[in-house]
Amino acid sequence: MSEQTLQNASAPARRHMGLKASRTLANTAIYVFLIAISIIWLIPFVCILLQSFRVESTHQVGYVIPQKWGFDNYVNLFQTDFPRWYMNTFISALVTAALQTIIVLCMSYTLSRFRFKMRKPLMRLMLILGMFPGMLTMIILYRVLKDLGMTQANSVPGLILVYVASSGMGYYVSKGFFDTIPKSLDEAARVDGATRFQVLKKIILPLSKPIVIYTILTAFMGPWGDFVFARYIAFGASAGKNVAVGLYDWLNKDQISKCYTMFCAGGVLVAVPVTVLFMCLQKYYVEGVTGGAVKG
């Protein structure tokens, strides 16, 4: 074979090797960038974790790695109001997750499957109302809850009531997921004599595990991490605080010198259950987000 023929034959191979090398280089750069971002993102959490085991002093110091390690801060946490705050937060998040999930899924199924008068205006109205900041209603909500006796030490029922009251407006993602399920399944079940509730319970929900888990996680995370409204409703009463409000109060100038390391330990205990929950259910969470992100 001539030299020209050999060059022509090897040209596609060289192009393939060039594309492979450039793809490898691009992937390497992306991985390096993501690793760097991850390290920067994790540094504060690592510092808090290390400080939670520092027992030589309780105030802020200029170093990260403790000189003396121990579990004293975690033990001392349970001699404060922290268990009460943790239980308040857990009850609020658990009850809200259960009620909000039921309401959101029922609302989403209704708007996805039923066609009734004023359906689209209702959806537009909820969309518009959702654009207004929730802080605009804080004053009137506080007055209403105060009249009902659901503030300060009794703030947990009031918080649950507020969290659940507007949950039906968060139907968007769930409705988008339900829209991807063929309506022929509903029609076949209806022909066989199933009621609307049976269709939802026995057909739609088993096929919608990702969006159900997504809804539960998002409903749980709202009360778990709430600070602004919870602080406003608790209004200084320790018995009605959640963990975010209680731990924040330890950072004031009168308590930070003796409570800083306990604050770090409390932050670790608050993060552990949520981290474990997300790690176990991450696949369903991602499927729920992507599956519901369609036009409905």
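In this predicted model, helices α3 and α6 run roughly parallel to each other, because their crossing angle of roughly 25 degrees falls under 35 degrees. Their axes come within 9 Å, and the crossing is right-handed. On the α3 side, which spans residues 82-113, the contact uses Asn88, Ile91, Ser92, Val95, Thr96, Leu99, Gln100 and Ile103. On the α6 side, residues 155-165, the partners are Val156, Ile160, Tyr163 and Val164. Sort that set by class and you get eight nonpolar residues, four polar ones and no charged ones.

**Other partners of α3**

Helix α3 also packs against α7 and α9, so here is how the pairings look side by side.

| Pair | Angle between axes | Axis distance |
|---|---|---|
| α3 and α6 | roughly 25 degrees | within 9 Å |
| α3 and α7 | about 50 degrees | 8 Å |
| α3 and α9 | about 100 degrees | 12 Å |

Take α7 next. With an angle of about 50 degrees, α3 and α7 are oblique to each other, and α3 passes α7 in a right-handed crossing. From α3, the contact draws on Val104, Leu105, Ser108, Tyr109, Leu111, Ser112 and Arg113. From α7, the residues involved are Ser174, Lys175, Phe178 and Asp179. This contact does have charge in it: five nonpolar, three polar and three charged residues.

Then there is α9, which covers residues 196-207. An angle of about 100 degrees lies in the range 65 to 115, so α3 and α9 are roughly perpendicular to each other. Leu105, Tyr109 and Arg113 of α3 meet Arg196, Val199, Leu200, Ile204 and Leu205 of α9. By class, that makes six nonpolar, no polar and two charged residues. Leu105, Tyr109 and Arg113 of α3 turn up in the contact with α7 and in the contact with α9.

**The enclosed space**

How many cavities of 30 Å³ or more does a search of the whole structure find? It finds one, and about 40 Å³ of space lies in it. The lining is made of Asn88, Thr89, Ser92, Ser155, Val156, Leu159, Tyr163, Pro223, Gly240, Lys241 and Asn242. Helices α3 and α6 are the elements that give two or more residues to this lining, and the largest share, four residues, comes from α6. There are four nonpolar, six polar and one charged residues around the cavity. Some names should look familiar: Asn88, Ser92, Val156 and Tyr163 line the cavity and also take part in the contact between α3 and α6.

**The open pockets**

Now for the open spaces. The largest pocket holds about 930 Å³. It is lined by 32 residues, and Val162, Tyr163, Ser166, Ser167 and Met169 lie nearest its centre. Several helices give two or more residues to this lining: α3, α4 (119-130), α5 (138-147), α6, α7 (172-179), α10 (209-225) and α11 (228-234). Which of them gives the largest share? That is α10, with six residues. The lining divides into 20 nonpolar, twelve polar and no charged residues. Tyr163 is worth a look on screen, as it is among the residues nearest the centre of the largest pocket, lines the cavity and belongs to the contact of α3 with α6.

The second largest pocket has a volume of about 460 Å³. Of its 13 lining residues, Phe45, Val46, Gly267, Ala271 and Thr275 are the closest to the centre. The elements giving two or more residues here are α1 (3-52) and α13 (256-292), and α1 supplies the largest share with seven residues. By class, the lining has eleven nonpolar residues, two polar and no charged.

**Pulling it together**

To recap, α3 is roughly parallel to α6, oblique to α7 and roughly perpendicular to α9. Helices α3, α6 and α7 each give two or more residues to the lining of the largest pocket, while α3 and α6 do so for the cavity. Neither the largest pocket nor the second largest pocket has a charged residue in its lining, whereas the cavity has one.

Note on methods:
Residues are numbered from 1 along each chain as its sequence is written. This is a predicted model: local features need pLDDT of at least 70, side-chain atom pairs count only at pLDDT 80 or more; totals for chains, interfaces and linings use all residues. Side-chain values use heavy atoms; hydrogens and water are left out. Axes are lines fitted to C-alpha atoms, for helices over the stretch in contact, and angles run from 0 to 180 degrees between N-to-C directions. Angles under 35 degrees count as roughly parallel, over 145 as roughly antiparallel, 65 to 115 as roughly perpendicular and the rest as oblique. A crossing is left-handed if the near helix is turned anticlockwise from the far one by less than a right angle, and right-handed if clockwise. Contact means heavy atoms within 4.5 Å. Ala, Val, Leu, Ile, Met, Phe, Trp, Tyr, Cys and Pro count as nonpolar, Asp, Glu, Lys and Arg as charged, and the others, Gly among them, as polar. On a 1 Å grid over the protein atoms alone, a cavity is a set of points where a 1.4 Å probe fits but cannot get out, and a pocket is an open set with protein on both sides within 12 Å along at least five of seven lines; lining residues have an atom within 4 Å of a point. Grid points are joined across faces, edges and corners, and a volume is the space filled by probe spheres set on the points.
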